[in-house]
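Let us walk through this structure together, from single pairs of side chains up to a whole interface. Keep the view open as you read.

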Amino acid sequence: MLSSQNKKVSLFLIVLGVVFVIMSVRLPKYPLVPVDADAVPIILGCLLIFLSILLFFIKDEPKDGEDSGQSEPFFNADRKMILLFGGLILLYIIFLEWLGFLLTTALFIFTSTFALGYKKHVTNIVVAIAIPIAFYYLFNYVLKISLPKGILPF
Amino acid sequence: MKRFLLFMGMSIALILAACNESSGDADSADGNWKPTRNIEIVAPSGAGGGWDTTARMAAKVLEEEGLIDKGIGVVNKTGGGGAVGWAYIATKKGSPYNLFVTSTPMIDVPLNGQSEYDYTDFTPIANVIADYGAFAVKADSKWQTLNDLFDDMKKDPTSVTVIGSSSPGSMDHLKFAKFAKEAGVDITKIKYVSEQDGGELTALLNGSVDVFSTDVSEVVEQVRAGNIRVLAVTSEERLEGETISDFPTGVEQGINTTYINWRGFFGPKDLPEEALKYYEQKFKEMTETDAWKKIRANYGWGDFFMGHEEYKEFLKEQVESSKALLDELGIVR
Amino acid sequence: MGVMDGILEGAKVAFSFQGILFVLMGVFLGTIIGMLPGLGPITAIGVMIPISYGMDPNMALVMMAGIYYGAIFGGSTSSILLNAPGVAGTVATAFDGYPMAQQGKAGKALAIAAVSSFVGGTVGVIFLMLFAPLLASVAISFGPPEYFALMLLALTAIASLSEGSTIKALISGTLGFMVAMIGIDGQTGTSRFTFGSASLLSGIDFLVIALGIFALAEVFKLIITRNESDSGPNKNIGSIRITKSEMKEMSGPMSRQSVLGFLIGVLPGAGATIASFIAYITEKKIAKNPEEFGKGSIKGLTAPETANNAATSGAFVPLLSLGIPGSGTTAVLLGALMVMGIQPGPMLFTEKPDLFWGVIISMYIGNIFLLILNLPLIPYISKLLNIPRPMLISLVTIFCLIGVYGISFNTFDLYLLLAFGIIGYLLRLVSFPAAPFILAFILGEMIEQSVRKSLTISNGSFMIFLERPITLAFLIITVLSLALPPLLGMRKKIKSIE
């Protein structure tokens, strides 16, 4: 499995490069300039394909060398937690302009901190309420840049 | 883990239920409409840009001169040369609390196919400002008048490079093309370079390009310092003010055309008639205050008030004129 | 002479009670705004315009300038502690600042950043004072071909930014360059790779990518490691004292990069971000132990921090001496001056010496304030790292979200942020370096646009790059920097064979 990682990535990137080149070729033409908008993207796409082909024939670096110590944890990791966290961010984005900044942010801080295993709920609630208020005050009242107020009246 | 999601989901559902009841809005029914809550003016650009400054200054004058007694907040929606902000306003159909500031790109950007919304998707309320364009060359340039330049361009349009801040098919390009066309230059052969990182003047001063198509306000100080020469401004008559009044118009050089960069305030589509009347009146009063006149003078903005009806006609003409130019340039998008 | 009188007038402005008060306010606000991602100096100065209307223009400019360089000064804090750059100019600071903080040397990293910023800022101001009128000609000597050559030179450093495989670094850079192509093309107005979305028309904001690829990707990694290293070394803040030998190590990059950073800042369009990257790259190239870069190298932290602050001073050269705004921030500053009834231009120097010199002199005071303000705060600010991991993760995420929302107030950018967080995480997973991606993204658009502008000017002839001395010089250096290392390597090999 691991030995083919470079190959997998390479194949993906080649596909990406091809799609990119096709999209570039299909860009509308503009007659008034010597070098049109598609030139550089086509070069980049071809470069990507070329480099990816090179990558295909390169062996993966050893996973337990001194260099790769950092990437170690990813492979035996709790990916579910990342998915959940990503989901929470997604919910945050969806509800931000709807519910307003204060509520969404407070809910996000509390829920994600809770989900990540923080046990002191009172501290959590205090932070989840104080931080959004501080930001909201700074933006809307000090700097007069409006953050979404949502359903709350202020 | 599922429980937390459920928890969040439920609290959101509860709050949503509460919100639906509270957001009823019943104030635009009777004749003399007045805002009953805070007004939002969208600047479809970041803080500090031309739209943003206009919006913030207007909000300031409207509030401080007591013209509107509700709060006015400026909301920035940046992106797409305005398209993001317009898309946002398009969701506020009929709301009398969501205004926005806009200008010439409202015409150019949709024509270039970069926004699905054009001015007919909104309600023009009042225009307040006019800016004029200027065509400048280096002080030691061989061209003394606009006609000197265009005479050379008629012989060989590709011997001259024009620079501007906006992308091709937009303001700085179009206004130069408009004048060149009037003079009889083949405008499809004009070399136009767009510089969006603030290096336009630099490129002109170091001789990389020959002509700078820009706003009058950008060139005044450079002319005073003797660095550049203005061949023409795009207004009908000479502009007022020290140095500025020395700039010849195109018209007086026999090139019978003008170009205005207008700037004003719009509301969303289906803005209630009473609210439209209200805001039109308020903006008119605003342009008559001394505070606004002073701000205008400092920025070098010209006065150009138009009410709703006149504005609509004006915009229609602008679209036709720009579209004709784009067609001739062969920019079809 | 008029100049001496002018400087005296300026000193009167800067050292007045009001002057000192406004500098202090400016740098304080700037520091805070710099720390918060998204809220950059442009936004801050933009919203100050209506507030400062009617103020004494000298004081307003003194304060706004303070916000500008204060923000670049303060931006390093969140880069170092959270890997979440507060402003674009401090992205490169995170390359070595964050690893250093992770090694339990947060205090020291912040202290080094503060001292480098101070030196960069102060040297920059000295240059500004001595050479502003002279350098005006440097500022206008760059046209599209020169920019192309300079940016190309910077781009060749991609290979040197790699830690493992060069191919991976090049691929990463190519991807970054490709992302830079998204949006309306400046030279034709064609929408490229926007998939019909209005939000993509103006391209993707640099901070969205930086916060996604660095900060959010780091958050994902922290989620996984949160239980493993609860008592890990990174809770230590460490001493903030900089030892003599460390000072010695810093002195090289500080002296070189304050000059280089200043000069890049003078060029309109380049600015603090590009200055900091070029500084990082050049230091890595000339370092004896380049392999330490990216792993908490003192030089790697000093270089970008010195350069970005020096560049900030440099950016005032075209603004004050020519009335040409060289960066987004100085463009907004110019707008601010206009609303106060001042037309910045080439005549400012002679017509308003009190303003011209007042601002410059106030920048000395401001830099000293920044140092005094920041150093004692370090132990408190770095306590951020003592926040329990789950809470820290939530807060950093919110920090990034607010930051990105604050750039455009468009939720689309938040989706992009999440997407780039995932991309950044995936890049790490397959051990592709992120730095070349971000570098190519910054330089990509400028390179593409400047080469095409040049070719439009020359009617398509490539001779334009060989006819201009500055351009030619940069191109030769580029070729040499690419060709020399392999050639030298070959010579070594040949020698060893012999």
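A salt bridge here is a side-chain nitrogen of Lys or Arg within 4 Å of a carboxyl oxygen of Asp or Glu. By that rule, B:Lys323 and B:Asp327 pair up, with their closest N and O atoms 3.5 Å apart. Bear in mind throughout that this is a predicted model.

Start with that pair. B:Lys323 and B:Asp327 sit in helix H11 of chain B, residues 308-329. They are four residues apart, so about one helical turn separates them. How accessible are the two partners? B:Lys323 is partly exposed, because its relative accessibility is 42%. B:Asp327 is partly exposed too, at 43%.

Chain B holds another such pair within a helix. B:Arg224 makes a salt bridge with B:Glu221, and the closest N and O atoms are 3.0 Å apart. The helix is H8 of chain B, which covers residues 216-224. The two residues are three apart in sequence, which means a separation of about one helical turn. Are these two side chains buried or exposed? B:Arg224 is partly exposed, with a relative accessible area of 31%. B:Glu221 is buried, at 6%.

Now move to chain C. C:Lys108 forms a salt bridge with C:Glu246, and the closest N and O atoms lie 3.0 Å apart. This pair links distant parts of the chain. C:Lys108 belongs to helix H5 of chain C, residues 91-139. C:Glu246 belongs to helix H9 of chain C, residues 244-266. The sequence distance between them is 138 residues. Both C:Lys108 and C:Glu246 are buried. Elsewhere, salt bridges with shared partners tie C:Asp185, C:Arg192, C:Glu448 and C:Arg452 into one network. Over all chains of the structure, the search finds 29 salt bridges.

Go back to chain B for two residues around helix H6. B:Ser170 lies in the loop between strand S5 (161-164) and helix H6 (171-183) of chain B. It is buried, because its relative accessible area is 10% and buried means under 20%. Which residues does B:Ser170 touch, beyond its neighbours within four places in sequence? They are B:Asp108 and B:Asn112.

B:His173 lies in helix H6 itself. This residue is buried, with a relative accessible area of 3%. Leave out residues up to four places away in sequence, and B:His173 still has contacts in two chains. From chain A come A:Tyr30 and A:Leu32. From chain B come B:Ser166, B:Ser167, B:Pro168, B:Tyr192, B:Leu329 and B:Ile331.

Those contacts lead to chain A. Its secondary structure is five helices and zero strands. Along the sequence, the pattern reads α-α-α-α-α. Chain A has 154 residues, and 45% of them count as buried. Take the contacts in chain A between residues at least 6 apart in sequence: 56% of these join residues at least 24 apart.

The UniProt record, an unreviewed entry, adds an annotation. It lists residues 9-27, 39-58, 82-110 and 122-143 of chain A under "transmembrane region". Compare two of these spans with the model. Residues 9-27 of chain A are 89% helix and 0% strand, with the end C-alpha atoms 27 Å apart. Residues 122-143 of chain A are 95% helix and 0% strand, and their end C-alpha atoms lie 31 Å apart.

Finally, look at where chain A meets chain C. The size of an interface is often given as the accessible area lost when the parts come together. Between chain A and chain C, the buried area is about 5900 Å². Carbon and sulfur atoms give 82% of it. Salt bridges between the two chains number zero. Six residue pairs are in polar contact across the interface, counting pairs with both residues at pLDDT 80 or more.

Which helices of chain A supply the side that touches chain C? H1 (5-25), H2 (39-56), H3 (79-99), H4 (101-115) and H5 (121-142) each give at least two residues. The largest share, twelve residues, comes from H3(A). By class, this side of chain A has 48 nonpolar, 14 polar and five charged residues. In total, 67 residues of chain A are in contact with 58 residues of chain C.

Conventions: Residues numbered from 1 in each chain as written. Chains lettered and ligands numbered in written order. Predicted model: local features only at pLDDT ≥ 70, side-chain atom pairs only at ≥ 80, totals over all residues. Heavy atoms only, no water. Contact = heavy atoms within 4.5 Å. Buried area = accessible area lost by both parts, 1.4 Å probe. Polar contact = N/O pair within 3.5 Å; in protein donor to acceptor, adjacent residues only side chain to side chain. Nonpolar A, V, L, I, M, F, W, Y, C, P; charged D, E, K, R; others polar. Buried < 20%, exposed > 50% of the residue type's maximum accessible area, 1.4 Å probe, protein only. UniProt positions renumbered as here; feature names shortened; annotations may be inferred.
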